Protein chains: 4
Amino acid sequence: MPGNTFGAAFRVTTFGESHGPAVGCVIDGCPPGHPLDLVAVQAFLARRRPGQSNLVTPRDEADSVEVLSGLDAESGRTLGTPICLLVRNQDQRSGSYADWHHIYRPSHADFGYDAKYGIRAWQGGGRSSARETVGRVAAGAVAEQLLAARFPGLRICAWVERVHQVDARAAIDPLGVIRAAVDAHPTRCPDASAAAAMETAILAAKKRGDSLGGNLRLVVQGIPPGLGEPVFDKLDALLAQALLSLPACKGVEVGSGFAGPDLTGIEHNDPYAWQPGQPPAMATTSNRSGGIQGGISNGMPIDLRAVFKPTATVLKPQASADDAGNNVELQAKGRHDPCVLPRAVPIVEAMAALVLVDAWLRQRGQVGDPWPGLAGPLHPR
Amino acid sequence: MPGNTFGAAFRVTTFGESHGPAVGCVIDGCPPGHPLDLVAVQAFLARRRPGQSNLVTPRDEADSVEVLSGLDAESGRTLGTPICLLVRNQDQRSGSYADWHHIYRPSHADFGYDAKYGIRAWQGGGRSSARETVGRVAAGAVAEQLLAARFPGLRICAWVERVHQVDARAAIDPLGVIRAAVDAHPTRCPDASAAAAMETAILAAKKRGDSLGGNLRLVVQGIPPGLGEPVFDKLDALLAQALLSLPACKGVEVGSGFAGPDLTGIEHNDPYAWQPGQPPAMATTSNRSGGIQGGISNGMPIDLRAVFKPTATVLKPQASADDAGNNVELQAKGRHDPCVLPRAVPIVEAMAALVLVDAWLRQRGQVGDPWPGLAGPLHPR
Amino acid sequence: MPGNTFGAAFRVTTFGESHGPAVGCVIDGCPPGHPLDLVAVQAFLARRRPGQSNLVTPRDEADSVEVLSGLDAESGRTLGTPICLLVRNQDQRSGSYADWHHIYRPSHADFGYDAKYGIRAWQGGGRSSARETVGRVAAGAVAEQLLAARFPGLRICAWVERVHQVDARAAIDPLGVIRAAVDAHPTRCPDASAAAAMETAILAAKKRGDSLGGNLRLVVQGIPPGLGEPVFDKLDALLAQALLSLPACKGVEVGSGFAGPDLTGIEHNDPYAWQPGQPPAMATTSNRSGGIQGGISNGMPIDLRAVFKPTATVLKPQASADDAGNNVELQAKGRHDPCVLPRAVPIVEAMAALVLVDAWLRQRGQVGDPWPGLAGPLHPR
Amino acid sequence: MPGNTFGAAFRVTTFGESHGPAVGCVIDGCPPGHPLDLVAVQAFLARRRPGQSNLVTPRDEADSVEVLSGLDAESGRTLGTPICLLVRNQDQRSGSYADWHHIYRPSHADFGYDAKYGIRAWQGGGRSSARETVGRVAAGAVAEQLLAARFPGLRICAWVERVHQVDARAAIDPLGVIRAAVDAHPTRCPDASAAAAMETAILAAKKRGDSLGGNLRLVVQGIPPGLGEPVFDKLDALLAQALLSLPACKGVEVGSGFAGPDLTGIEHNDPYAWQPGQPPAMATTSNRSGGIQGGISNGMPIDLRAVFKPTATVLKPQASADDAGNNVELQAKGRHDPCVLPRAVPIVEAMAALVLVDAWLRQRGQVGDPWPGLAGPLHPR
């Protein structure tokens, strides 16, 4: 009911405030017997860690993850019981937030929390902070391992496609991007020239106390047909929920998305064709559907785009209001991400992994694994 | 788990296949004692009914709703128990689908269902058909009545903003649109000139067996601050799930959406200001947030846009594949909506009502009603 | 949230009031491709139907079930989509309840519903009536078919063990009872001599307008080890919830139950022993655990007992109160079951099937099927 | 799905293995603004702590609770966000379990976990250990505080009623027992004479390596009418689930329970009578219903009994089996509770608090607070 749990079969509950003692998650429903690679989990967390470059907040957090439960001490395998992953907060400096104890920061969640609960963790945004995503990323790292073990060809890859006026979309082949190329540049844009331009733009914005938004692209390859629950829990509907549940995300489009209406139906439809092989595999000769039709994966690459607004924290005086009824000027100071896009990349990948592992376990529960769509033509005659 | 239920507190489960005996829903969690206006429910259903104009499918369905449970027979009030709403299918003509019993229609859900379940209701798409939305609209009509009784200023209004190359966005004042103006034209575009152009385009597409997509705008006024669950069940995240769970929807954006990154943070932030009044009310002097910040309503109009692809059913020969491994040519025939946008309007309004009534009951459960944000400044000193 | 849905993976939502238009259920999560035997579903419903004998209420209901969705019309197989099962109410006679429109019947749910909702379906108890169980039994009949297809040795059998002062416990071998023997006598007690005594007692109570309670025994054979979720959703905890959710049920015990403390731990423990076979199977040489240890099935027969209080409807003047603050005398009249036990038998079997099919699908989702415990010794060396 | 979460509105997820790093819980859905009394939470935990007396296991655990999230650091008030409560394990001695790394202890959950997951935390039972209940008790302590703030007359009290052959039932007035009297004796039986006899019996059993079971009584006073969800989530059904989800619990009865059928309906019904007052309050002149009718509280004391089997751990040689297919003799050693009843008392109270706080928040969500039944006669004329 209260919205801190995600997933139906692989259920992740995150906890923790930005400036409280700790952040983390409990994963319930993890399949048993999986040899969890904790080094890989830690490495995944390192990709969202603050302080990685001069493009992101200098908050200094080691983000060392501690496993409190759910693992067999001897073998390191999952027990099938809840896995609690804990990360202590270290570099908290609540003091730097004292000025806005009673002031609502524009386009932040401060007023919303106060209106909802009558109380809020004003130090750094509490749970509306991007710090809450530590638990998501830790859980997503576990999810990705489980998926990779089941679907060996799986490749989940997100990257920064646009920052403010720099749009690298046309320069990037979405099916050719690999994570190493994305991580090679602190902007996490795999096109070197656009990455350089983005970096320049971000540093300029940072220097003037401003911030920038942009787009992020997500492509998932290697997901077989048949995943996703039709009707309300369509695979794309849950991916959209997952991404729009991230701080600063303001929109999601799948496949052709908002450009879809540029075409007519005849132009837009994706023709089916069985591909030769043992067994033959279904494919479509275009992928305007973005790998999902009727809410169910069709075996083609899953292709989404998400937009993130410019960071709400800016270091300039702004008109605002306090919690006592006064209109005031706010002068923000302290640390911030001048552009959330680079750090959003692993978070988006983690959310995708959470949606997909849940879809797989739901499918296995209702239909079994293997399921019909894994074996080529469904009704050979 | 299987995804046919929506909502946590006001739970709607839809059932029924397009060409089965009936479609409908069960609402669980409806507050008791509400005098349900069944005439209004029926009128809401009439707005999504096929056969309303020559712009939509000629399938002829009266869509008379029968209430099987949950109402007090004497007073017509809700009992607080499950409300089952039933609509019989009448004009089924499964025969017209016989040709594609074994052929997957491009960009439809046929292959996905088969890959998932190994069986599918091939007559007219089963549950992937827009006919499934009858249950959603019936439930949404109930939800809207409950919301209107609690929030007298509530106004949920959606309209067609774009069809193919006709974009009426600049011509429409989003806060001034009312439902009557939307329903005045069969396209459900409230700008007369754009509506006429859209009608021409749709009829031309229909004539050549083609189809068109477009955008739909949703504005909700009168929702107080404090609704929506932070973290995974953010109000915008659930609205996005709700809309992307509709057939043909391929994207959602909130507030500034995909245009947000055109601005920098300083330009994009929405300044807060208490408005004079008894009590003073919070407002922002711009609404790029679309009425939702940190996943929680802030009292400003909720503002979303959704894109719908061109209808997948087109009456031209298309390359496709059958369920036995053969690549074939498909010649679709029969009835279809050359453009789903006009009928999507009430469906989107219904989904919005479902998200909002659920958010309200969740808030009442955890925090109570009235809650802090309803009473002006939160912490007067 | 509102409690009209049961199950996590195989989700059953019942709807309908005793004297409304209809009762029924929606099953969400049914595995696809199962050839549903509707004749068997109808036969299962006939076992709980009123009017079967002079021991039960003479209300005359055909209880013909109509399938509104979820079945493939050609093959009769389940589609994997929601199955709506509908039974129209026929013999309603609300008139006979008019006298207690404003009076709370003692030990009924009338006052509770009014206190909770401020409104109630006073005609015949609304949803607190045993008529609500029609939806459970229909769903349970589906569940049992699914279980039988997966676990061929499955045998779910309940019977009446005690009515008032007639206790047949010592006369019945719990592992030898079959459903045909239970149904052979209208009391549903498989011991002929006790059955006759029970019948005499029930008819005498009926004649004097009184009612009787008793015990019901449930044994499930053929469930393999490994089903049931540890911690909160233990298999026995969910069975207890399932049975105590039935009208008039006031207690449940598992295995040794309330007699367990008669023994010490040394006396009470069930020794394990691998039984010869290919592969060897685990068994315990006693079954005081009732087939469930730590909330998980161990492969031994599941063995429970439930107690049902004497029917609250009695045809004698009783002290009671009305809804306006007055203490009044109530003279009940009309139809009633002088003893609910005989009709409770199929209802209890249905609830057991619902718990077990859900446990199976949950297990398949998290662990897979087959799972470790199906293959003999777990860690051969 | 996996069963480690309890509650629909006030959701508690426990985590942790008996001999892992920690145990604890996450509470999601806690109302905001409550000044949490952490000293009282710690005191509640102390009541279930091992090592309190020579009647219980000597395992030495301080069970200091750490709050990782969900509290406002300044005011100590709840934020409405997830509350993570953590207790580190200290006195683990896994070594003492090494002998049964591969042997299933009779009437324990060892085999079940292995059959279910193919892996198990063999050191001390993992999550089937009573140590898992630390998280429940911590959460229950929070729940009780919330309930007491809303329902000032609330009194949740459990006690030991029977141990093996010592049955104190007749000697105790259930409505007169207070927690101080229960805690005054290490057996937690409020009748001094029976308590002494129980102590003697437990010590004798302990000395011979044996164990004892018994009954526990739970009475909750001060719950108003109207709580509990009819149909599947009846208040008594959820209480039964809650208690049967505890280790060693094998049965639950409500009100008259298994003695109900001793009476006929005329004898058994609880007559209603409005009690003078402003406003008049409903009461029944007997309470065979145990405070719950139709699954909804009726304002009378809630009255349950639960049975706990003798502890499965006994320090005598027992016939058993290993995980490789061999039948072996097991010689248990190490620490154990010769009787779980005394420590079960606070655990049962905690579970009752969890069920009740959840029922309250669900009621507030669907119906509002105050709700109809709080204000005397429902329909004055």
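Student: Why is helix α6 (residues 235-244) of chain B described as largely enclosed by the rest of the structure?

Tutor: In this predicted model, 10 of the 10 residues of that helix are buried, so helix α6 of chain B is largely enclosed by the rest of the structure. A residue is called buried if 20 or more other C-beta atoms lie within 10 Å of its own. Among the residues of α6(B) that meet this criterion are B:Leu235, B:Asp236, B:Gln241 and B:Leu244.

Student: How do you know that strand β10 of chain C and strand β10 of chain D pair?

Tutor: Two strands pair if DSSP finds at least two bridges between them. Strand β10 (residues 249-254) of chain C and strand β10 (residues 249-254) of chain D have three bridges, in the antiparallel sense; therefore they satisfy the definition of a pair. Within this pairing, C:Val252 stands opposite D:Val252, and C:Glu253 stands opposite D:Gly251.

Student: What makes β8 of chain C and β8 of chain D the edge strands?

Tutor: The open sheet consists of 10 strands with antiparallel pairing, in the order β8(C)-β7(C)-β9(C)-β15(C)-β10(C)-β10(D)-β15(D)-β9(D)-β7(D)-β8(D). Strand β8 (166-167) of chain C and strand β8 (166-167) of chain D each pair on one side only, and these are the edge strands.

Student: What is in contact where chain C touches chain D, and which element of chain C gives the largest share?

Tutor: The contact involves 108 residues of chain C and 108 residues of chain D. Residues count as in contact if their C-beta atoms lie within 7 Å. Helix α2 (residues 110-117) of chain C gives the largest share of its side, with seven residues. That side of chain C comprises 48 nonpolar, 42 polar and 18 charged residues.

Student: How do you know that chain A and chain D are related as by a two-fold rotation axis?

Tutor: A turn of 180° with a shift of 0.0 Å along the axis lays chain A on chain D with an RMSD of 0.0 Å. The two copies are therefore related as by a two-fold rotation axis. A:Val26 is the residue of chain A that comes closest to the rotation axis, with its C-alpha at 4.0 Å.

Student: Why is it said that these copies meet through the same surface?

Tutor: Of the interface residues of chain A, 97% are also interface residues in chain D, so the copies meet through the same surface. Between chain A and chain D, 35 residues of chain A are in contact with 34 residues of chain D. On the side of chain A, β2 (11-15) and β3 (22-28) are the elements that give two or more residues. By class, that side has 16 nonpolar, 13 polar and six charged residues.

Technical notes. Residues are numbered from 1 along each chain as its sequence is written. Chains are lettered from A and ligands numbered from 1 in the order in which they are written. This is a predicted model: local features need pLDDT of at least 70, side-chain atom pairs count only at pLDDT 80 or more; totals for chains, interfaces and linings use all residues. Two residues are in contact if their C-beta atoms, placed from the backbone, lie within 7 Å. Helices (H or I, at least four residues) and strands (E, at least two) are DSSP runs, numbered from the N terminus. Ala, Val, Leu, Ile, Met, Phe, Trp, Tyr, Cys and Pro count as nonpolar, Asp, Glu, Lys and Arg as charged, and the others, Gly among them, as polar. Copies are superposed by least squares on the C-alpha atoms of residues with pLDDT of at least 70 in both. A residue is buried if 20 or more other C-beta atoms lie within 10 Å of its own, exposed if 12 or fewer, and partly exposed in between; C-beta atoms are placed from the backbone.
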